[in-house]
Amino acid sequence: MFLSTGIYASEYIVATKGFDTPALTARGGPGRLKVTAGLGWGRLATHGAIGNIGGVRPGFVAGSSGGELSIDQWFRGDFAPFAGLEWQVDDRWGLKAEYSSDAYVTETGGPDVFERESSLNFGVEYEWTPRTRLGLYYLYGSEIGLSAQFQLNPKYSPTPMMVPAPIPVSPRSNWAPDPSDWSQDWARSEATVLKIRDQLAEALRQDGLILESLDINGTSAEIRFRNTRYRSYMLAVGRAARAASRALPASVETFRLVPVRTGMGLSSTVLRRSDLEALEFAPDSTAAILAVTGFTDARPMSDQALQSGDLYPAFATSISPYSAPAYFDPDRPFRLDVGLDFAASYAPAPGWIFAGAIRQRLAGNVKDGRASNSALPHVRTDQVEYAQFGTTLENLYLARSWKPGENLYARATVGYFESMYGGVSSELLWKPVSSRLALGVEGNYVIQRDFDQRLGFRDYKTFTGHASAYYQLNNGFHAQVDVGRYL
């Protein structure tokens with residue numbers, strides 16, 4: 001133990017042995033039995049000690065700069081045995097029994113925690129799905145406990161991405177058989193172009209996409225859109241290409257598809273419509289279409305582009321629940337506040353947003369926790385002080401996102417960022433579309449907010465900043481390295 005208060009400090013030696021017993025198998029179970037036994041020191045020797053090594057165990061001393069290794073405690077003082085049994089009855093049900101050598105002196109020494117009347121604990125667990133396990137436990141001879149365990153594999157999404165099947169691409173030869181159907185005369189009529197924009201917007205909307213702008217001429221079109229449905233941007237690009245093939249005139253051959261986020265074009269996917277029509281049902285259509293698709297940096301929106309008329313200015317409001325946990329209070333290791341956030345935002349133009357949120361606590365006990373007495377600057381340890389006020393201004397800020405140059409993405413924010421800090425923040429990212437590597441830099445000048453979380457500030461202020469490197473690995477993994485100064 002080298003951090004925190006040392007309340008949970010302990011050392012142990014433990015072994016586990018699995019058995020496949022014929023007697024259990026004969027009763028209809030798979031016979032999987034695990035037996036665990038060990039010796040514990042520190043907290044794990046506060047009940048039923050059977051021996052001592054080294055005399056009295058030294059007390060834990062926290063260092064003034066965050067903690068020191070308490071080597072003189074390790075495997076010193078009383079030691080006691082602990083043990084457990086686990087029987088896997090079948091593929092779903094499991095039974096557990098445990099003998100604990102922890103007397104829970106701290107937890108039972110004060111009010112409103114629990115009473116320890118036994119060293120024996122029992123449990124039953126049920127595997128509801130291959131990744132979800134539910135448990136019911138009888139603990140300390142006085143308490144009932146419930147648990148839900150969720151197992152996640154970082155290689156796969158925790159929730160399956162269920163989306164409707166796409167509408168098939170209809171080749172132009174099916175609905176534009178005459179040469180006159182391929183005429184570009186429509187491009188000279190402003191009313192016709194506006195009608196085409198509206199038809200495209202409706203086709204995108206059916207796939208969960210929002211048209212930002214359309215820059216179109218007789219043979220090509222740049223479509224800028226927001227993705228509101230799909231976690232994969234390439235899936236969103238594919239749906240946008242299909243929508244364009246249904247809504248745009250037959251003469252438009254080249255699609256330039258630009259996903260937009262916070263007003264910025266992320267990249268450009270250039271696709272020939274004839275390739276989409278010819279390769280949709282090819283034996284390896286994904287690889288075939290990818291081979292004839294181009295990827296470039298998103299250029300600035302053209303002055304001739306037709307923007308969707310109802311997107312800006314945009315005003316939005318929301319009401320949502322929040323939870324604010326607090327950990328490691330020696331009197332009660334876990335505390336929780338819950339309530340509602342009332343948020344509003346105003347976006348006058350692409351890339352600009354003015355937003356804020358008022359927080360109303362409805363219930364909780366974080367305010368009853370122990371105040372920090374750390375000698376270090378209280379950059380995050382005054383959570384109890386901030387929790388004394390039930391109605392607060394959670395955030396209020398003005399932000400702008402834009403592309404200052406090729407392969408560059410920028411953000412600047414000023415205001416009250418969150419409950420504890422406000423100030424000025426900026427960020428710059430360099431990311432070529434075809435590169436696995438991206439480099440970023442972020443700088444923040446922040447001031448600590450008053451405990452009442454209104455408009456005032458405290459005396460603590462500092463500069464923080466980071467330089468970051470990002471690398472796209474295979475199989476959906478990303479690596480990130482940050483170097484910089486924290487609060």
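**Entry 1: strands E19 and E20**

I began with strand E19, residues 391-402, and found that E19 pairs with E20 in the antiparallel sense over 7 bridges. I noted for myself that this is a predicted model, so every value here is a computed one. Looking for one bridge in this pairing, I found that Arg 400 has Ala 412 in E20 as its bridge partner. I then followed the hairpin of E19 and E20, where 5 residues lie between the strands and Asn 407 takes a positive phi near 65°.

**Entry 2: from E20 on to E21**

Next I looked at the other pairing of E20, and strand E21, residues 421-430, pairs with E20 in the antiparallel sense over 9 bridges. As an example of residues facing each other here, I wrote down Val 414, which stands opposite Val 424 in E21. The hairpin that joins E20 to E21 does so through 4 residues.

**Entry 3: the whole sheet**

I wanted to place these strands in their sheet, and I read the order as E16-E17-E18-E19-E20-E21-E22-E23-E24, an open sheet of 9 strands with antiparallel pairing. At the edges I found strand E16 (314-327) and strand E24 (478-485), each of which pairs on one side only. From one strand to the next, the twist averages 20°. I reminded myself that strands of a sheet pair through backbone hydrogen bonds, either parallel or antiparallel.

**Entry 4: E22, E23 and Gly 440**

Further along the sheet I checked E22 against strand E23 (residues 457-472), and the two pair in the antiparallel sense over 12 bridges. In this pairing Ala 438 stands opposite Tyr 470 in E23.

I then turned to Gly 440, whose place is in strand E22, residues 437-449. Is Gly 440 buried or exposed? Gly 440 counts as buried because its relative accessibility is 13%, and the cut-off for buried is under 20%. Leaving aside neighbours within four places in sequence, I listed the contacts of Gly 440 as Leu 428, Leu 429, His 466, Ala 467, Ser 468 and Tyr 470. I also looked up Ala 83, 357 residues apart from Gly 440 along the chain, and the C-alpha atoms of the two are separated by 51 Å.

**Entry 5: the largest pocket**

Last, I looked at the largest pocket, which holds about 1,800 Å³ of space. Its lining has 50 residues, and those nearest its centre are Tyr 233, Arg 261, Met 264, Leu 266 and Tyr 409. I sorted the lining into 27 nonpolar, 15 polar and 8 charged residues. Here I came back to strand E20 (residues 408-416), which gives the largest share of this lining with 4 residues.

Terms used. Residues numbered from 1 in each chain as written. Predicted model: local features only at pLDDT ≥ 70, side-chain atom pairs only at ≥ 80, totals over all residues. Heavy atoms only, no water. Buried < 20%, exposed > 50% of the residue type's maximum accessible area, 1.4 Å probe, protein only. Contact = heavy atoms within 4.5 Å. Pairing = 2+ DSSP bridges. Axes fitted to C-alpha atoms, helices over the stretch in contact; angles between N-to-C directions. 1 Å grid on protein atoms, 1.4 Å probe; cavity = no way out; pocket = protein on both sides within 12 Å on 5 of 7 lines; lining within 4 Å. Points joined across faces, edges and corners; volume = space filled by probe spheres on them. Nonpolar A, V, L, I, M, F, W, Y, C, P; charged D, E, K, R; others polar.
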